[in-house]
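Thanks for making the time, everyone. Please have a look at the structure on the screen, and then I will take you through the DNA contacts, the cysteines and the cavities in turn.

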2 protein chains.
Amino acid sequence: MQKIPKTKENLLNTAISLVWRNSYGLVTIDDICKEAGVLKGSFYHYFGSKQDLTIQSLDYFYTSVRPMFENIFSPEKEPVQRFEDYCNFVYKSQKELKALYGHVCGCPYASLGCEMSNQDDEIKHRIEEVFTLTQGLFAKTIKDLIDDGLIDEKAKPTDKAHKAYTYVIGVMMMARIQNDLNLIKREMRSGLFNIIGINVKTPKPA
Amino acid sequence: MQKIPKTKENLLNTAISLVWRNSYGLVTIDDICKEAGVLKGSFYHYFGSKQDLTIQSLDYFYTSVRPMFENIFSPEKEPVQRFEDYCNFVYKSQKELKALYGHVCGCPYASLGCEMSNQDDEIKHRIEEVFTLTQGLFAKTIKDLIDDGLIDEKAKPTDKAHKAYTYVIGVMMMARIQNDLNLIKREMRSGLFNIIGINVKTPKPA
DNA sequence: ACATTATTTGACTAAATAGTCAAATTTAAT
DNA sequence: ATTAAATTTGACTATTTAGTCAAATAATGT
């Protein structure tokens with residue numbers, strides 16, 4: 001873990017924030033510099049282009065997301081609880097973002113991927129990587145549900161995980177497009193549990 | 001139905017095509033004019049801005065999509081068949097687009113909505129309208145499934161329709177991001193039928 | 001045929017944007 | 001304290017982009 005210069009980290013965080021709540025195409029290098037309070041020369045000292053910055057942002061962002069996800073999906077927890085925690089985490093994060101920026105921002109990987117993955121293979125590759133890892137966490141949890149006899153094992157865990165994750169991306173998209181936080185509250189957990197086959201009752205308090 | 005001048009229609013179609021396969025932010029007015037073989041002066045004769053063009057494109061595009069959807073979801077057909085036809089239609093369209101442009105283009109409303117609906121309320125409004133209408137078609141079909149005794153009626157049709165449509169949007173996003181047509185083939189029908197509660201067997205030949 | 005309206009042309013401006021660079025400054029190492 | 005490396009500064013260029021406009025051309029109605 002090499003330490004990142006302050007200005008560089010500032011630019012990375014600013015880029016993530018701006019692209020997440022707006023879009024890749026709408027955010028210019030000037031925007032990022034202005035918001036970060038950094039001059040253009042400094043930007044080009046650390047990054048070769050917007051594409052370069054974006055790729056480094058994705059890597060940088062994932063280093064902060066990964067440990068959270070591994071905590072949420074920790075195998076030491078009850079599998080149902082992992083999905084509960086996941087839904088709560090997503091809702092809480094999106095609520096914070098909406099409070100900050102006035103918009104439901106959705107999934108940064110899905111939004112960026114939708115816009116950019118048919119333009120840039122490096123971006124595409126990184127996003128697919130995140131998708132694969134997250135689906136892996138889903139699959140492991142579903143496997144544990146089966147092993148615990150909590151759901152029946154008609155479908156393969158990886159298949160269920162894939163469908164469940166696809167649904168989650170759908171919810172995040174709809175919530176962003178319609179700028180509706182309640183969509184996440186109402187539809188994320190219930191739909192996810194439906195697809196996986198968990199008995200849907202009122203959620204346990206976090 | 002007033003007739004649209006040739007040049008204007010050309011610009012509308014070009015804009016739809018370019019934005020669909022790339023993105024809103026990446027496509028410039030110059031791009032659209034160049035691709036359409038139209039000079040900028042003509043562009044501004046018909047449209048006031050890119051935003052104006054986009055809104056008119058959405059309206060124009062939906063006039064061609066709507067009758068197709070109403071045919072697919074015609075109440076005279078068996079309800080299961082409607083969903084079969086819907087899946088086949090989506091797959092076929094995306095296959096054609098991929099053959100033309102080399103990319104899975106996904107749902108134009110969802111992609112544009114993701115990028116633009118927190119920037120522009122008029123665009124957002126039109127996209128939500130399409131979503132509402134499509135979910136209505138889903139809900140009607142699900143209601144017919146219940147009436148025919150083909151699925152049990154635990155959940156409300158509108159609720160199921162909403163979850164089903166959310167899943168469809170998820171599939172379209174994943175297919176676009178990963179540029180993978182097979183995702184639509186493999187996951188669209190099976191996931192949709194699962195959520196709705198239709199017995200999933202091998203699809204009937206179209 | 002004539003007048004009116006719609007459309008097209010192409011050159012134009014102004015602003016935004018990406019990217020460069022040498023010199024000045026700060027930081028870190030010996 | 002001195003040197004070397006890293007960082008910052010701010011002014012610079014070139015290109016792209018949105019948008020304007022008056023004149024020329026084409027289409028339409030009478």
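How many nonpolar, polar and charged residues does the surface near DNA strand C have? Sorted by class, that surface has five nonpolar, seven polar and two charged residues. Before I go further, please keep in mind that this is a predicted model, and that the distances I quote are computed from it.

Let me stay with strand C. There are 14 residues around DNA strand C, and those that come nearest are A:Ile29, A:Lys40, A:Tyr44, B:Thr7 and B:Ser42. If we take the atoms of DNA strand C that come within 4 Å of the protein, sugar and phosphate account for 67% of them. A contact to a base can nevertheless be named, since an N or O atom in the side chain of A:Lys40 is 3.0 Å from a base nitrogen of DNA strand C. On the phosphate side, the side chain of B:Tyr46 has an N or O atom 3.2 Å from a phosphate oxygen of DNA strand C, and for the side chain of B:His45 the corresponding distance to a phosphate oxygen of that strand is 3.4 Å. As for secondary structure, at least two residues of this surface are supplied by each of α2 (29–36) and α3 of chain A and α3 of chain B, and it is α3(B) that gives the largest share, four residues.

Now to the other strand. DNA strand D is surrounded by 14 residues, of which the closest are A:Thr7, A:Tyr46, B:Ile29, B:Lys40 and B:Tyr44. Here sugar and phosphate make up 65% of the strand D atoms that come within 4 Å of the protein. B:Lys40 places a polar side-chain atom 3.0 Å from a base nitrogen of DNA strand D, while B:Tyr44 has a polar side-chain atom 3.2 Å from a phosphate oxygen of that strand. B:Ile29 takes part through its backbone, with a polar backbone atom 3.0 Å from a phosphate oxygen of DNA strand D. Two or more residues of the surface near DNA strand D come from each of α3 (40–46) of chain A, α2 (29–36) of chain B and α3 (40–46) of chain B, with the largest share, four residues, coming from α3(A). By class, the surface near DNA strand D has five nonpolar, seven polar and two charged residues.

Next, the cysteines. How many disulfides does a search of the whole structure find? The result is zero over all chains. A:Cys105, for instance, is in no disulfide, and its nearest cysteine sulfur, that of B:Cys114, is 11 Å away. A:Cys105 counts as buried because its relative accessibility is 0%. B:Cys107 is likewise in no disulfide, its nearest cysteine sulfur being that of A:Cys114 at 9.1 Å, and with a relative accessibility of 11% B:Cys107 also counts as buried.

Finally, the enclosed space. The structure holds two cavities of 30 Å³ or more, and the largest has about 270 Å³ of space in it. That cavity is lined by 25 residues, and the closest to its centre are B:Ile16, B:Val19, B:Trp20, B:Pro108 and B:Leu112. Its lining draws at least two residues from each of α6 (108–116) of chain A and α1 (6–21), α4 (50–72) and α6 (108–116) of chain B. By class, the lining has 15 nonpolar, six polar and four charged residues.

Notes:
Residues are numbered from 1 along each chain as its sequence is written. Chains are lettered from A and ligands numbered from 1 in the order in which they are written. This is a predicted model: local features need pLDDT of at least 70, side-chain atom pairs count only at pLDDT 80 or more; totals for chains, interfaces and linings use all residues. Side-chain values use heavy atoms; hydrogens and water are left out. A residue is near a molecule or strand if one of its heavy atoms lies within 4 Å of it. A polar contact is a pair of N or O atoms within 3.5 Å; within protein, one must be able to donate a hydrogen and the other to accept it, and residues adjacent in sequence count only if both atoms are side-chain atoms. Ala, Val, Leu, Ile, Met, Phe, Trp, Tyr, Cys and Pro count as nonpolar, Asp, Glu, Lys and Arg as charged, and the others, Gly among them, as polar. A disulfide is a pair of cysteine sulfur atoms within 2.5 Å. Buried means under 20% relative accessible area, exposed over 50%, partly exposed in between (1.4 Å probe, protein chains only). On a 1 Å grid over the protein atoms alone, a cavity is a set of points where a 1.4 Å probe fits but cannot get out, and a pocket is an open set with protein on both sides within 12 Å along at least five of seven lines; lining residues have an atom within 4 Å of a point. Grid points are joined across faces, edges and corners, and a volume is the space filled by probe spheres set on the points.
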